[in-house]
Amino acid sequence: MYIKIIVVLFFVATSCKGISQNKEGKKETFKVSKTDAEWRKELTDMQYYILRQAGTEPAGTSKLLHNKKEGVYVCAACSTPLFKSENKFNSGTGWPSFDAEINGNVAFDVDYKIGYERTEEHCATCGGHLGHVFNDGPKNTTGKRHCINGEALKFVPKK
């Protein structure tokens, strides 16, 4: 039993050095590009942490979590439209959730930050981290759950 545990721990430790840590030299360029100092000046501390450092806000803290108004959710950093209110649903996770993104405005990558593969989402215009997409969304629509940090978004109500 002791040997099995050591073998499992060995594989876990060595498998964590995967694709996500092989991003040296991979520098994406975005339409909106600013220096770190410019982002820090324009964003709140929490927005900077989420959008520029791929952080996560505490569950249940987003002012947008229970928003049911009609409109569009845009990137808090560059105002690119990302999600429509008609695609928002209550996932019960504590973060604003959508079953579809505005096509072309959200880009995807893979991360292994917590030890397994997840699909990360970021703004296709400025590269700001938004959250992750999972395959456990509403079956009657896309089956996707875009789990998004509310601080990464601003809401623009329908006129």
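This is a short talk on one open sheet, the aromatic rings on and around it, and a few side-chain contacts in a predicted model.

I'll start with the sheet. Three strands make it up, in the order β2-β1-β9, and the sheet is open. The pairing is antiparallel. At the edges are β2, residues 81-84, and β9, residues 153-157. Each has a single partner strand, so one side of each has no neighbour in the sheet. On average, neighbouring strands here are turned by 30 degrees against each other, if we ignore direction.

Now take β1, which covers residues 71-75. How many bridges join β1 to β9? There are five, and the two strands run antiparallel. Two of the positions can be named. Y73 has F155 in β9 as its bridge partner, and V72 stands opposite V156 in β9.

Towards β2, the pairing of β1 is again antiparallel, and it runs over three bridges. In that pairing V74 has P81 of β2 as its bridge partner. The two strands form a hairpin, with five residues between them. In the turn, S79 has a positive phi of about 70 degrees.

Is β1 mostly covered or mostly open? Mostly covered: four of its five residues are buried. For anyone looking at the strand on the screen, a general point helps: in a regular strand, side chains alternate between the two faces of the sheet.

One thing that lies against this region is helix α3, residues 45-53. Its buried residues are Q47, Y48, I50 and L51. If you look at the spacing, remember that an α-helix has 3.6 residues a turn, so residues three or four places apart point the same way. The cover over the buried residues of α3 includes two strands of our sheet, β1 and β9, together with α2 (36-42) and β7 (129-134). Just after the helix, A54 takes a positive phi, about 60 degrees.

Next, the rings. A pair of aromatic rings is described by the distance of the centres and the angle of the planes. The count of aromatic pairs in this model is three. I will go through two of them.

In one, the rings of Y73 and F98 have centres 5.0 Å apart and planes at 70 degrees. Planes over 60 degrees apart count as edge-to-face, so this pair is edge-to-face. Y73 is in strand β1 and F98 is in strand β4, 25 residues apart, so the pair links distant parts of the chain. Both Y73 and F98 are buried.

In another, F98 pairs with F83, and this time the rings are stacked, with 4.4 Å from centre to centre and 15 degrees between the planes. F83 belongs to strand β2 and F98 to strand β4, so parts 15 residues apart in sequence are tied together. How buried are these two? F83 has a relative accessible area of 0%, and F98 also has 0%.

Which residues do the ring pairs link into a cluster? Y73, F83, F98 and F155. We met F155 earlier, as the bridge partner of Y73.

Elsewhere there is a contact of another kind with a ring. The charged end of K34 sits over the ring of W39, 5.1 Å from the centre of that ring.

Back to β4, residues 97-98, where S97 is found. S97 is buried, with a relative accessible area of 0%. What does its side chain do there? It makes a polar contact of 2.8 Å with the side chain of S91. A polar atom of the S97 side chain also lies 3.2 Å from the backbone oxygen of W95. Leaving out residues up to four places away in sequence, S97 touches N87, K88, F89, S91, R145, H146 and C147.

R145 brings me to the last residue, D136, in the loop between β7 and β8 (145-148). D136 is partly exposed, at 45% relative accessible area. Beyond its neighbours within four places in sequence, D136 is in contact with G143 and R145. With R145 there is a polar contact between side chains, at 2.7 Å. D136 and D99 are 37 residues apart in sequence, while their C-alpha atoms are 9.6 Å apart.

That is the end of the talk.

Technical notes
Residues are numbered from 1 along each chain as its sequence is written. This is a predicted model: local features need pLDDT of at least 70, side-chain atom pairs count only at pLDDT 80 or more; totals for chains, interfaces and linings use all residues. Side-chain values use heavy atoms; hydrogens and water are left out. Two strands pair if DSSP finds at least two bridges between them. Axes are lines fitted to C-alpha atoms, for helices over the stretch in contact, and angles run from 0 to 180 degrees between N-to-C directions. Buried means under 20% relative accessible area, exposed over 50%, partly exposed in between (1.4 Å probe, protein chains only). Contact means heavy atoms within 4.5 Å. A polar contact is a pair of N or O atoms within 3.5 Å; within protein, one must be able to donate a hydrogen and the other to accept it, and residues adjacent in sequence count only if both atoms are side-chain atoms. Rings of Phe, Tyr and Trp (its six-membered ring) pair if their centres lie within 6.5 Å; planes under 30 degrees apart count as stacked, over 60 as edge-to-face and the rest as tilted. A charge sits over a ring if NZ of Lys or CZ of Arg is within 6 Å of the ring centre and within 35 degrees of the ring normal.
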